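Thank you all for coming; I would like to take a few minutes to walk through one protein model with you. Please have the sequence and the structure open, and stop me if you lose your place.

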Amino acid sequence: MMYCISVSHKMAPVSVRERFAFREEEKKEFIELLAGREAITGIVILCTCNRSEIYVSGSKQAVSELQKELADYKNVRLEEVLKYLNIYRGESAIGHLFKVTCGFDSMVLGEDEILGQVKEAYQMSKDMKTVDYEMNVLFQRAVTCAKRIKTDTNLSKTPLSIATLVANEVFHFKHGGDCKKVMVIGMSGKMGTTITKNLVSKGGIEVTGTVRRHNDYLTVNIEHERVKVVEYKDRYQYMDDMDIVISATLGPHYTVTYEDLCGALTSKKKRLFIDVAVPVDMDASIEKIDGVTLCDIDYFDTLTKNNTEIKLRELDLASAIMEEDLDSAIKEMVFHPYIHRMDELKAAFSGKRLESLLFRVRDQLNSEELKVILKTLDGLESWIKEG
């Protein structure tokens, strides 16, 4: 049977999630530690920024041994953190694995980054030879199901976050050159950093980011060969060269005004200005300048609402796909032990009259279960006759 202990954003604050996070070397060390336990036959450790989950398979004692070893390894009293743990067993653990892998349990519904993280976690354990038959089947099927949902639905193709929507506007903006030049005002903030990372994930984009002062601490997360950092006070000196200007600050004052922008722009070309700040960063009058298009936060809020409706429609289709694949995986787990018992079962049923077996089945089942068995017998009879 498979079990899972989960510490995730749903129940645990960041301080607790940090205590249970595993670095790569710690994952290997803990897997090796658990692999020596007789009750445990398979181990996979999944860690992301929002969750730490340990999947084990084995006997009934597997989950209790896992809890003890986890508390000892992380040097915490288990009683202190039990309220933050979700513990899944059997079919519940299988269902949880599928939901996680398919992005149903993520903070952003349907995000597919988790798929790669699950694959990496499974591959590490596979390379360490710490996955048994059950885990091999279940992780492979969960990954295949997630790929199917990604291909057959638009769940992961419908962005909801403002940062992703902004990046998409940049990607789709038509301009005359080979390389798009983008300024991100307030690049060192949370929104600016996320937007910048999204932008440089694709080629053909150069980013000039403004910060209030040169400070390694502010820019450490956005170092990139296609990212240049300039002083905020010098921003207008670079705007004439930009195709797109994005502002995402928390300041109370305009970062772009009509008068200053008119003085900065000497070349006439098509430009896109994106303001995702609340309150707004850009003077709405700049849209009067030839070639300038302005998109503000209301524009992206509307996109988010429309995409939410699309995502919810796609969720029904994705859920149906997951339920189908999940049921198939559970059936394989239920049926697998009987493959090895075929000779034993044939010997046990040898010489038994069919009617005696059927009456025995009738007396052991409730009406709904009996209907399923009888319907299955009808199907087998037709199959035999046709064969």
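Let me begin with a question: with which residue does Glu 332 form a salt bridge? In this model, which is a predicted one, the partner of Glu 332 is Arg 141, and the closest N and O atoms of the two are 2.6 Å apart. Because Glu 332 belongs to helix H13 and Arg 141 to helix H7, the pair ties together parts that lie 191 residues apart in sequence. As for their surroundings, Glu 332 is partly exposed, with a relative accessible area of 25%, and Arg 141 is likewise partly exposed, at 27%.

Before going further, a word on confidence. The mean pLDDT of the protein is 89, and 96% of its residues reach 70 or more. The stretch I would ask you to read with caution is residues 214-220, where the pLDDT is below 50, and which has seven contacts in the model beyond near neighbours in sequence.

Let me stay with the charged side chains for a moment. Side chains of opposite charge can pair when their charged atoms come close. The count for this model comes to 24 salt bridges, and I will show you two further examples. Arg 51 pairs with Glu 53, with the closest N and O atoms 3.0 Å apart, and both of these residues are buried. Arg 51 and Glu 53 are also part of a network of salt bridges in which Lys 10 and Asp 105 take part as well. In the other example, Asp 343 and Lys 346 meet through their side chains at 3.7 Å, N to O, and here both residues are exposed. Asp 343 and Lys 346 are separated by about one helical turn, because they sit three residues apart in helix H14, which covers residues 342-349. The background to this is that an α-helix has 3.6 residues a turn, so residues three or four places apart point the same way.

Now to the interior. The largest nonpolar core has 37 residues, and the members that touch the most other members are Met 2, Tyr 55, Ile 94, Phe 98, Phe 104, Phe 139 and Ile 149. The elements that give two or more residues to this core are strands S1 (2-8) and S2 (40-47), together with helices H5 (91-101), H6 (113-127), H7 (133-152) and H13 (297-339). Helix H7 gives the most, with nine residues. Apart from this core lies another, of 27 residues, which includes Ala 12, Ile 54, Leu 70 and Leu 78.

Helix H5 deserves a closer look. How many of its eleven residues are buried? The answer is eight, so that H5 is mostly covered; the buried ones are Ala 93, Ile 94, Gly 95, His 96, Leu 97, Phe 98, Val 100 and Thr 101. Just after H5, Gly 103 takes a positive phi of about 85 degrees.

Within H5, please find Thr 101, which counts as buried at 2% relative accessibility. The side chain of Thr 101 reaches the backbone oxygen of Leu 97 at 2.7 Å. Leaving aside residues up to four places away in sequence, Thr 101 touches Ile 114, Leu 115, Val 118, Ala 142, Val 143 and Ala 146. Thr 101 and Phe 139, which are 38 residues apart in sequence, have their C-alpha atoms 8.8 Å apart.

For a contrast in setting, turn to Lys 60, in the loop between strand S3 (51-58) and helix H3 (62-74). Lys 60 counts as exposed, at 71% relative accessibility, and its C-alpha atom is separated by 26 Å from that of Val 143, which is 83 residues away along the chain.

Finally, the cysteines. A disulfide is a covalent bond between the sulfur atoms of two cysteines, and this structure holds zero disulfides. Why does Cys 295 have no bond to its closest cysteine? The closest cysteine sulfur, in Cys 262, is 19 Å from the sulfur of Cys 295, and that is too far for a bond. Cys 295 counts as buried, at 9% relative accessibility, whereas Cys 179, at 25%, counts as partly exposed.

Note on methods. Residues are numbered from 1 along each chain as its sequence is written. This is a predicted model: local features need pLDDT of at least 70, side-chain atom pairs count only at pLDDT 80 or more; totals for chains, interfaces and linings use all residues. Side-chain values use heavy atoms; hydrogens and water are left out. A nonpolar core is a set of buried Ala, Val, Leu, Ile, Met, Phe, Trp, Tyr and Cys residues joined through side-chain atoms within 4.5 Å. Buried means under 20% relative accessible area, exposed over 50%, partly exposed in between (1.4 Å probe, protein chains only). Helices (H or I, at least four residues) and strands (E, at least two) are DSSP runs, numbered from the N terminus. A disulfide is a pair of cysteine sulfur atoms within 2.5 Å. pLDDT is the predictor's confidence in each residue, from 0 to 100. Contact means heavy atoms within 4.5 Å. A polar contact is a pair of N or O atoms within 3.5 Å; within protein, one must be able to donate a hydrogen and the other to accept it, and residues adjacent in sequence count only if both atoms are side-chain atoms. A salt bridge is a side-chain nitrogen of Lys or Arg within 4 Å of a carboxyl oxygen of Asp or Glu.
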